[in-house]
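Dear colleague,

Please find the structure we talked about below. My notes on it follow.

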Amino acid sequence: GNPIYMNFDIGHPLGKGQFGCVFVAREKTSGYIVALKVLTIKEIIKSHTEKQLRREVEIQTNLRHPNILRLYGHFHDEARVVLILEYAKKGELYYHLRKSGRFSEKRASKYIYQMTDALSYIHKKHVIHRDIKPENLLLGMGDVLKIADFGWSVHAPSHKRKTFCGTLDYIPPEMVDDEDHDEKIDIWSLGVLCFELLTGTAPFETEGGHSETYRRIATVDFTFPDYLSFEAKDLIKSVISSFCLCESALLSYLH
Ligand SMILES: O=C(Cc1cc(-c2ccc3c(-c4nc5ccccc5[nH]4)n[nH]c3c2)n[nH]1)Nc1cccc(F)c1
């Protein structure tokens, strides 16, 4: 029969993604609106992202959560791979943040709540996103947040036991970087995202180069604008510093 993309009326491009372009499309029989992401096989091979693509398809196919963009399926011909993704009616969160400069605490707290719900769902499945940022977030109807990209997500390392019995001195480096530490990377990003939604800027953003930014992250060197409520500052401080605390506590113990 016809190649499967004949089942879709292809509409306008929605955006040029990292690895390919995304089009709005309507499935002919059901009239269902979707986002089709077209990746050329040549590009996938050239950028050696085949393994990452397979992992992302596998992860995203198995995730079912209102705040995680659905991957309905995928198909390919000899030249390209096409992903059938959920269409998010209100587009990129980043666009709305730039347009309004910064969100009210009421609006930002709704998005952070939805993010937290989605993160606890994927962490229970031992999936870590590792790339939470406004550019990877979309908005569906009713202002529902949708995590769109799982390009850098991984399955957390499987652990025999949670706590170490005996001294820490003999544990290998890979065990130091344990699952809890990994999941905390997403929580750290949640703190950074919270700051960015409330102020329109990233907390450690600097005009200087990367080294300046790294220094500021390592020393948790950021300041809050005056308009933030005590609660907002308290939440961001506790989320960001809890990561540093456990990280530095563990490392200082080991040296
Ligand atoms: O590549 C992505 C993530 C992704 C999602 C999208 C994307 C981009 C835009 C939209 C939109 C959308 N709706 C809009 C409304 C107005 C303006 C712009 C809009 N974009 N809906 N759904 C989308 C989905 N681009 N890239 N996932 C992926 C990649 C490889 C394997 C896999 F299993 C998943």
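Helices and strands here are DSSP runs, numbered from the N terminus, with at least four residues for a helix and at least two for a strand. The model is predicted.

On that numbering, three elements each supply at least two residues of the shell around the ligand: strand S3 (33–40), helix H2 (50–62) and strand S5 (80–86). The largest share, 4 residues, comes from H2.

The ligand site

The ligand is surrounded by 20 residues. Lys-37, Glu-56, Val-57, Glu-86 and Ala-88 are the closest of them. By class, the shell divides into 13 nonpolar, 5 charged and 2 polar residues.

Three polar approaches to the ligand can be listed:

- Lys-37 places a polar side-chain atom 2.6 Å from an oxygen atom of the ligand.
- Glu-86 has a polar backbone atom 2.9 Å from a nitrogen atom of the ligand.
- Ala-88 has a polar backbone atom 2.5 Å from a nitrogen atom of the ligand.

On its own the ligand has 680 Å² of accessible area, and the protein covers 85% of that.

The surface patch

Ile-4, Tyr-5 and Met-6 make a nonpolar surface patch of about 240 Å². Met-6 sits in the segment before strand S1 (8–16). Is Met-6 buried, exposed or partly exposed? Its relative accessibility is 38%, so Met-6 counts as partly exposed, given that this class lies between the limits of 20% and 50%.

Backbone angles to check

Two residues have a positive phi although neither is a glycine.

For His-48 the phi is about 50 degrees. His-48 belongs to the loop between helix H1 (41–46) and H2. It counts as exposed because its relative accessibility is 72%, and the class begins over 50%.

For Asp-143 the phi is about 60 degrees. This residue is in the loop between strand S7 (137–139) and strand S8 (145–147). Asp-143 counts as buried because its relative accessibility is 12%, and buried means under 20%.

To go back to the ligand when you open the file, Lys-37 is the residue with the side-chain approach listed above, while Glu-86 and Ala-88 each come in through a backbone atom.

Regards

Note on methods. Residues numbered from 1 in each chain as written. Predicted model: local features only at pLDDT ≥ 70, side-chain atom pairs only at ≥ 80, totals over all residues. Heavy atoms only, no water. Near = heavy atom within 4 Å. Polar contact = N/O pair within 3.5 Å; in protein donor to acceptor, adjacent residues only side chain to side chain. Areas by Shrake-Rupley, 256 points an atom, 1.4 Å probe, with all protein chains shown as cover. Nonpolar A, V, L, I, M, F, W, Y, C, P; charged D, E, K, R; others polar. Patch = residues over 30% accessible without salt bridge, like charges linked within 9 Å, V, L, I, M, F, W, Y side chains within 5 Å. Salt bridge = Lys/Arg side-chain N within 4 Å of Asp/Glu carboxyl O. Buried < 20%, exposed > 50% of the residue type's maximum accessible area, 1.4 Å probe, protein only.
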